[in-house]
Amino acid sequence: MGTFKKGGIHPPQNKLTAGSPIVTLALPRRVELLLSQHIGAPATPIVGKGDIVVRGQEVAKSSGFVSASVHTPISGIVKKIDTVRNVAGQPVTAIIIEADEENHLADEERRTNKTRVRSDEELERLTVEEIRAIARSSGLVGLGGATFPASVKLAPPKESKIDFLIVNGAECEPYLTCDHALMRESGDEIVKGVELMRRACDAPEAIIGIEENKPDAIEILAKASEPYAAIRIEPLKAKYPQGGEKQLVKAITGREIKSGCLPASAGTVVHNVATAYALYNAAAYGVPVIERVVTVTGKDLSRPGNFLAPIGMRLGALIDYAGGLREDSGKVILGGPMMGRAAINLDAPMVKGISGVLVMAEDDSHRRKEEPCIRCAKCVDVCPMGLEPYLISTYGRLRLVDEAQQNGARDCIECGCCSYICPASRPLLDYIRLGKKLIADKIQREKINK
Amino acid sequence: MSKILNISLPPHIHAPGSVASCMWRVNIALIPALCCGLWFFGIGAAIVTVVSIASCMLFEYVITKWMLGREPRISDGSAALTGLLLAMNLPSNLPIWIVIIGAFVAIGIGKMSFGGLGCNIFNPALVGRVFLLLSFPVQMTSWPIPCADRLAYTDAVTGATTLQLLKSGAMQASDMDLWNLALGGVGGSLGEVGALAILIGGCYLLITRVISWHIPVAVCFGAVVLSLCAGVNPLIEILAGGLLLGAVFMATDYVTSPMAKRGMLIYGFLIGAITIIIRCWGAYPEGMSFAILIMNGFTPLINRYVKPRRFGAVRRAEAA
């Protein structure tokens, strides 16, 4: 069974929603579509106040090579383009669209009766350029959470020969089950999406890596990929961070992506299963990225589950579908508990990169008291990048930028294993991130001075 | 919005371990060896152990509270552990006042003067022990004979340790009973006499992942290699004296041992090697405490030059 060797942890999996089917949520009457839901330049609005828009229509277009367009999940009228607060409470620009009853019913009808725009035969005839164009025009981004524009990754640099397309179905974060549910319910679509991706990046082989704790997903995808000689499934050991890009490539191909390099340098391209599914949806049905599967979970929620949620809906409404916050709910995390970000503002809209909403009870939502470092070296043991977190963290805290850099701060993938394991509850990752930020600032300054 | 949410940076979950749980587990792991000591040396062992633990905790409390003005943290078990380890390294007929001096040096000089938990360079218990060995050489090298009179304390009948007998030539290695060594029927410090009991504690620490195998195994390996070079029986060298106690409980001390696995192997190997060198060619019959303290001094150097292999490290030749 494949796995990465160095470091890693086994946090309690708490996959409360592992068996839950994907529940399609009703379309909201109002959406706020953020212009920046991806890594790279924010999209440029191409609609104005008062414009009539239809479900699936592009409302903001990609504004550069690394950028992605935004589409509306509901038909209706553009109320305004305004500043709203995102989940972190920061002001960001959004297109606000409202639907009336007639729009709403028509949209629900369109949603249930999806029409094919391309048959499977036509999909097979798509050229590499056409597949990339579909990814670009559908606003496809990495749906694992990184939200890097997919079209960029589907067009690897000419000088690097791609040997493997690696598809991430590991889902190593505790609590999250959105990819699991998608693999169980839409195995065929995922495999067809993977085949499109494989052709787009001209890889002779595509390998879907899935942790062994999802045997049903492994079986379903293995069956679905039987007709495709170039696609196979690789069961992986359940270990965090198995789904980390570098760890996944190492586990499946044995290749090590060099420090500071992209996967393409090791002849690989890595995508998520949810991205593959979305690419197929865009190619076969012409549906851009306007909804995604989200796990809304937590021991505090009465009805946790996997939901197909429209982009732009209010996060608070999403949590209400799962039972709503309780009096004693203390924290809402977007993503998994290891790498997810704590939300401040639940009136903020859903964006493409949110794979999970985790509600934690008040008692579980506080950090433990920091104690002195006893140099137990557990952080060194668990670091999957072979770094010395205790050391880099100290350099970060003391703002010793050069020392932090020499000790490989920039190799840190921010998986959080060090902070998780530390018996002294030291916030190791916080200070490593501070160190990384200071290094980035320094490099920026040096560039300007030149 | 009515509810104010807590925020913090990831990760949002934490492993169950804590500093206190690590320290108390080591204390627990020492119980089999302590029981051995109590069985062989009776009341004396109990007095020395209780006095050592109590005075270590007291000194830590007093120094943190009244000299450093910090919140005392004796409940985390680290002061108790220093006390217990110090007692393990003392003869069971040591007068109370000497034990208290040892505890003061261990906690006051060995630990708190460096800044307290996590800051000390040398193993505090061994600092205390070596201080006593150099200051009170007579009392520190008169060992009660095991099981002779369990109710005797400072008036116990004393004899030589295995290593002393070997060193003075009073006994030949071929006459040794290895089972007797393993089960503890020999003279020595109150915690070092039961090799099997120490190994049971070591297994507990390995299973609960408080320590890794690297240091103990490397210490034994280093001792075996040097024993073979010196032409002495490696099994006797490992079982006799404080080698096992040191390898399992003191060389593995978190604070004073290296951070990287390869560093641990080098550190452990050299401890084993230096111990045998001192035993064979040095003035003392026993060298474990010195060997560990010497390597404690080298730990920062090892940490500086022996790093874990980084993922995706670019080799110099490739980078050029």
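The following questions and answers concern a predicted model and address its chain contacts, nonpolar core and strand pairing.

Q: How many residues of chain B are in contact with chain A, and how many of these are nonpolar?
A: On the chain A side, the contact involves 52 residues. The chain B side of this contact comprises 32 residues. By class, that side includes nine polar and four charged residues, and its nonpolar residues number 19.

Q: Which helix gives the most residues to the largest nonpolar core?
A: This core has 240 residues. Among the members that touch the most others are A:Leu279, A:Val357 and B:Cys56. In soluble globular proteins, nonpolar side chains tend to be buried together. With 10 residues, the greatest contribution comes from helix H9 of chain A, residues 273-285.

Q: Is strand S12 of chain A mostly covered or mostly uncovered?
A: In a regular strand, side chains alternate between the two faces of the sheet. On one side of S12(A), A:Thr268, A:Val270 and A:Asn272 are buried, and on the other A:Val269 and A:His271 are buried. With five of its five residues buried, strand S12 (residues 268-272) is mostly covered.

Q: In S12(A), which residue is the bridge partner of A:Leu165?
A: Strand S9 (residues 164-169) of chain A runs parallel to S12(A), and five bridges join them. Within S12(A), A:Leu165 has as its bridge partner A:Val269.

Q: Which strands are the edges of the open sheet with the order S3-S5-S6 in chain A?
A: The three strands of this sheet pair in antiparallel fashion. S3(A) is joined to strand S5 (residues 58-61) by two bridges. The strands that pair on one side only are S3 (44-45) and S6 (70-71) of chain A.

Methods:
Residues are numbered from 1 along each chain as its sequence is written. Chains are lettered from A and ligands numbered from 1 in the order in which they are written. This is a predicted model: local features need pLDDT of at least 70, side-chain atom pairs count only at pLDDT 80 or more; totals for chains, interfaces and linings use all residues. Two residues are in contact if their C-beta atoms, placed from the backbone, lie within 7 Å. Ala, Val, Leu, Ile, Met, Phe, Trp, Tyr, Cys and Pro count as nonpolar, Asp, Glu, Lys and Arg as charged, and the others, Gly among them, as polar. A nonpolar core is a set of buried Ala, Val, Leu, Ile, Met, Phe, Trp, Tyr and Cys residues joined through C-beta atoms within 7 Å. A residue is buried if 20 or more other C-beta atoms lie within 10 Å of its own, exposed if 12 or fewer, and partly exposed in between; C-beta atoms are placed from the backbone. Helices (H or I, at least four residues) and strands (E, at least two) are DSSP runs, numbered from the N terminus. Two strands pair if DSSP finds at least two bridges between them.
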